[in-house]
Amino acid sequence: MTQRPGFVLDVDRSTPPTLFWHGEGWKLEKLPVGSRVIYAPEPKSPIKDPSRAIYEALENPIGDSKPLKDLMFSDMKLTIAFDDISLPLPPMQAPDIRQRVIETVLEIAAEVGVEDVVLIAALALHRRMTEPELRHALGNRVFDAFNPHGLLLQHDAEDLDGLEYIGKTEKGEDVEISKRAATSDLIVYVNINLVAMDGGHKSVATGLASYKSLKHHHNVATMLASKSFMDQHKSELHSSNWRMGRLLKKEGIKIFQIETTLNNNTFPSQFRFLEKREWEWDLRDRATYLSSKKALDNLPSNLKRSIFNSINSPHKMTSIQAGEVEEVHKITTENVYAQQMVSIEGQSDIVSFGLPYISPYNVNSVLNPILVACLGLGYFFNLYRGKPLVREGGVVILSHPTPYEFNPVHHPSYIDFFEDVLSVSTDPLYIQENFEESFATDPWYRHLYRTGNAYHGVHPFYMWYWCAHALEHVGKVIIVGGDVRAVKRLGFQRASTFRDALEMAQDTVGSNPSLTHFHIPPLAIADVS
Amino acid sequence: MKALVVEKSLTKFGAAKVSSVFKDIVNPHFALRLSQIPEKKRPNENWVEVEPILSGICGSDISMLTGNSSRALEEFVSFPFVPGHEIVGIRRDTNKRVVIEAVLGCRTRGLELCNNCSKGFIDNCLRLNEGDIKAGLQTGYCNSTSGGWSEQLLAHESQLHELPEDITNSDAVLIEPLACAIHTVLRTPILASDRVVVYGCGTLGLLTISALKSLINPKEIIAVAKYPLQKEIALRFGADQVVSPDRVGPSVRRLTRSTVIGGTLSSGSDVVFDCIASSSSIAECIKITRPKGSIVLAGMPGNVKIDLTFLWQREINLLGAYTYGNESIDHLKIGVLDKQSNLKPNSFDLAIELAPKLKVGTLLTHTYDLAHYKEALDIALNSGSKGAIKVAFKPNLKQRLKTKKEEIN
């Protein structure tokens, strides 16, 4: 069966209510006649034999690269880096792609007789993964073979002895990455490219870098010059990473890039209504919606959270390409676009997003208010190519409970950022200039990042910077159903209902505004002409 | 004359204590009654009759009236008494405006000066229940003198400070608490490079911030305040940062770049002024003070229950700060004071000098007649949540009319 492409629905009187994600739950909203609803393309058919596809990709590299086997020699130093817990979303059903790919890479290394092999989770400034999370990503066989011998590492961007300064790019950007990786004869990087932003030179230049290096592209100016992150050619974030990646290559650091793409099959079959268009819901879908909504509405939030955190996605691999970084990434990006791109004509006055329970930075955790802002304004707003879905000066409506709640183990500096920084200013540039360094160099956050499961002290700043483009572009942000105090602290407005939000938006965009609802996840990219 | 009188009644104090638990709905007035009492007669020619214009309600008054203060000081109080020790009034003999230095040391009692009073440390007088007058720590706790919550009281010549004309009554009624704040600030050496926390932003906390800023100007003043008005004034008075009580630990941790060990910080604030002095505030202050740092109890503590393990293990100095008097020269040699050699090394004199400059009168948010004492006490008891800072009585109709007439002229 062929996949149906993305679809833009024009709402009329007969259109049924539209599903909105609302944190750990969902609701149906009746949209005004004339609104548009963007639906993601249906899942592409997966590769039937992933193991074979992986092997063939490693044997037949893309670009200026030898097959993986030919890049290996017995007394070499091999480092295999892999994407961390932030990908994919939700975590995929076992076996994870990383496990499949790494097992194949290790089989080839074993054939060649390579003995010095180290695995590194490319955390950048993300939290360290727990043992169950590592086991899930790598499989028990790999984990048990490497971890007990200290050969399974998690990148430590604060380990001064474990970093190697490579040099400066032509724009003066410091490049500093993991010493183990930099001094290896070969780095094999295993990617899961969930969105177009992932992969390319960003894999090593960001995933294995230090704060000193990362701050050159994780800053407000770069975010404002990236329109959008999903369009590599208009993304300064990518340009900077590409300069860094090219410097790595110039300095003789060999990278064998492996990139994989996934289909849009995001939720298990019991939640299939989440991926269907509402007018196509059958009796079972309606019943599932009603019963799940009723149950979720009556459950305490921690129980709901644990239910949602237990969801593993049935994502399946749709492509794998390996070899030289830039050539590989070109094909990967085309494959991501093929799964996710939806063409849209023109912008609207208002764009709305129903925000789910999960983002890259709260897997097995709480979507705290800063992450709510980042998911809505950093990620969903930027899921475009061409122009944003909403016109300049328009309104973004987000639907999420936005609880005034943080996970103190994962997000300790987020709490202080929320209380002590956002209470002073919500201006990303002011925040960057006045607060970033003290958080980034705070010894307690550094300790928790290095030894616990905490995001780096500077991480909440980056989340807020992700929002900078949207904050500059739009005239108002409204969160439907958000916690009053939390929404106020974010500097946004709060509405009790979607209808109220539309009324409030009219102060900014006038009466009879045009509305586009982006019906994600499953993920899509709006190609706005 | 009209006066608000406190009688020694365990039942009434008990009732007040119980009622204070429900402070949002019951006034702490059980121990107090509005009475007609005879005017006080001067014990000798060194005493002067004073008609209060304004008399503030202090945190210690509220603590006493709600039965929450310790009974340890009962030996230094003579019942029945008229409260009120923050007083600006008119002395009847000269018709001049005065503020009263409320402490009743040896000089006021007609005694040979004790070891402390002879050095000007009247706050530490050793003879508070001897001499010409009955027992009493201060005016406002002594049966012989009456207090500011009445139409007339007695003050010893040595207690009186004539006011320059340019000091408003609002500034003047805050002089006594400002003197306490200055004394508090000077209780321990503070360096210009120090980080200082002022815990609690009622009147005393805010005045402590103001005194700190003007006299010492340390590197950073972190104010701990609960309510919006307190936060606003704390910033205006010189705090560099204002945090809520639940955020003081994280804020101090971040500012001092500390790590956390077992709920305490590896470093912490150099000096902490506890302007609440409850069990919980003292416990919190211990957590945020650096090893070998100092905590000054500016608020009036009662019976408190605290785990002092970290006070001991971190070798933190815990100091009391009571009223005012001559200050240690060592402390006066630091900061701004060093450059202001014309200022006297006495906290009350400093307060008179600084009150108008610091605009402390802006803290006076509510005034009441004696007849409306229940309402006044209710506001004072719940000052933060009711948008009040300093609440004062204006006991004398005659003086009020006179002041009004002067204002019109």
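The following dialogue works through the reading of a predicted model with chains A and B.

Q: How many helices and strands does chain A have, and what does its radius of gyration say about its overall form?
A: Chain A contains 20 helices and 20 strands. Its radius of gyration is 22 Å, close to the 24 Å that the globule rule gives for 529 residues, so chain A is as compact as a globular protein of that length. Along the principal axes, its C-alpha atoms fill a box of roughly 70 × 55 × 45 Å.

Q: What share of the residues of chain A is buried, and what share of its contacts joins residues 24 or more positions apart?
A: Of the 529 residues of chain A, 57% count as buried. Among contacts in chain A with a separation of 6 or more, 80% are between residues 24 or more positions apart.

Q: Where is the largest nonpolar core, and which residues have the most contacts inside it?
A: In soluble globular proteins, nonpolar side chains tend to be buried together. Here the largest nonpolar core has 168 residues, and A:Val396 and A:Ala526 are those with the most contacts inside it. Helix α13 (residues 369-380) of chain A provides the largest share of this core, 9 residues. Both domain 1 (7-43 + 340-528) and domain 2 (50-262) of chain A give residues to this core, so it lies between them.

Q: Which residues are in contact with A:Val396, once its neighbours within four places in sequence are left aside?
A: The contacts of A:Val396 beyond those neighbours are A:Val351, A:Gly376, A:Leu377, A:Phe381, A:Val390, A:Ala470, A:Val474 and A:Val477. Apart from this core lies another, of 125 residues, which includes B:Val77, B:Tyr141, B:Ile216 and B:Ile286.

Q: Is B:Tyr141 buried or exposed, and where in chain B is it found?
A: Burial is judged by counting C-beta atoms within 10 Å, with 20 or more marking a buried residue. B:Tyr141 has 28 C-beta neighbours inside 10 Å and therefore counts as buried. B:Tyr141 is found in a loop, between α3 (106-109) and β6 (153-156) of chain B. Leaving aside neighbours within four places in sequence, B:Tyr141 is in contact with B:Val77, B:Phe81 and B:Gly136.

Q: How should the open sheet of β13, β20 and β15 in chain A be read, and which strands stand at its edges?
A: In a regular strand the side chains alternate between the two faces of the sheet. In this case 3 strands of chain A form an open sheet in the order β13-β20-β15, with parallel pairing. The edges are β13 (341-344) and β15 (384-385) of chain A, each with a single partner strand, so one side of each is left without a neighbour in the sheet. β15(A) pairs with strand β20 (residues 525-528) of chain A over 2 bridges in the parallel sense. A:Tyr384 has A:Ala526 as its bridge partner in β20(A).

Q: In what sense do β9(B) and β12(A) pair with their partners, parallel or antiparallel?
A: Strand β8 (residues 195-199) of chain B and β9(B) pair in the parallel sense over 5 bridges, and the bridge partner of B:Arg195 in β9(B) is B:Glu220. Strand β9 (residues 220-224) of chain B has 4 of its 5 residues buried, so it is largely enclosed by the rest of the structure. Strand β11 (residues 255-262) of chain A and β12(A) pair in the antiparallel sense over 6 bridges, and A:Gln257 has A:Gly323 as its bridge partner in β12(A). Strand β12 (residues 317-323) of chain A has 6 of its 7 residues buried, so it too is largely enclosed by the rest of the structure.

Q: How is chain B divided into domains, and how many residues of each are in contact?
A: The domain assignment of chain B gives domain 1 (2-177 + 355-408) and domain 2 (188-320). Between these domains of chain B, 16 residues of domain 1 are in contact with 16 residues of domain 2. On the side of domain 1 of chain B that touches domain 2 of chain B, helix α2 (residues 59-65) of chain B gives the most, with 3 residues. That side of domain 1 of chain B divides into 5 nonpolar, 10 polar and 1 charged residues.

Q: How many residues does each chain bring to the contact between chains A and B, and which helix of chain B gives the most?
A: The contact takes 9 residues from chain B and 8 residues from chain A. Helix α8 (residues 248-255) of chain B gives the most to the side of chain B that touches chain A, with 4 residues. By class, that side of chain B has 2 nonpolar, 3 polar and 4 charged residues. Of the 8 residues of α8(B), 7 are buried, so α8(B) is largely enclosed by the rest of the structure. The buried residues of α8(B) include B:Arg253 and B:Arg254.

Technical notes
Residues numbered from 1 in each chain as written. Chains lettered and ligands numbered in written order. Rg over C-alpha atoms; globule rule 2.2 N^0.38 Å. Buried ≥ 20, exposed ≤ 12 C-beta atoms within 10 Å, placed from the backbone. Contact = placed C-beta atoms within 7 Å. Domains from an automatic or database assignment. Nonpolar A, V, L, I, M, F, W, Y, C, P; charged D, E, K, R; others polar. Core = buried A, V, L, I, M, F, W, Y, C linked by C-beta atoms within 7 Å. Pairing = 2+ DSSP bridges.
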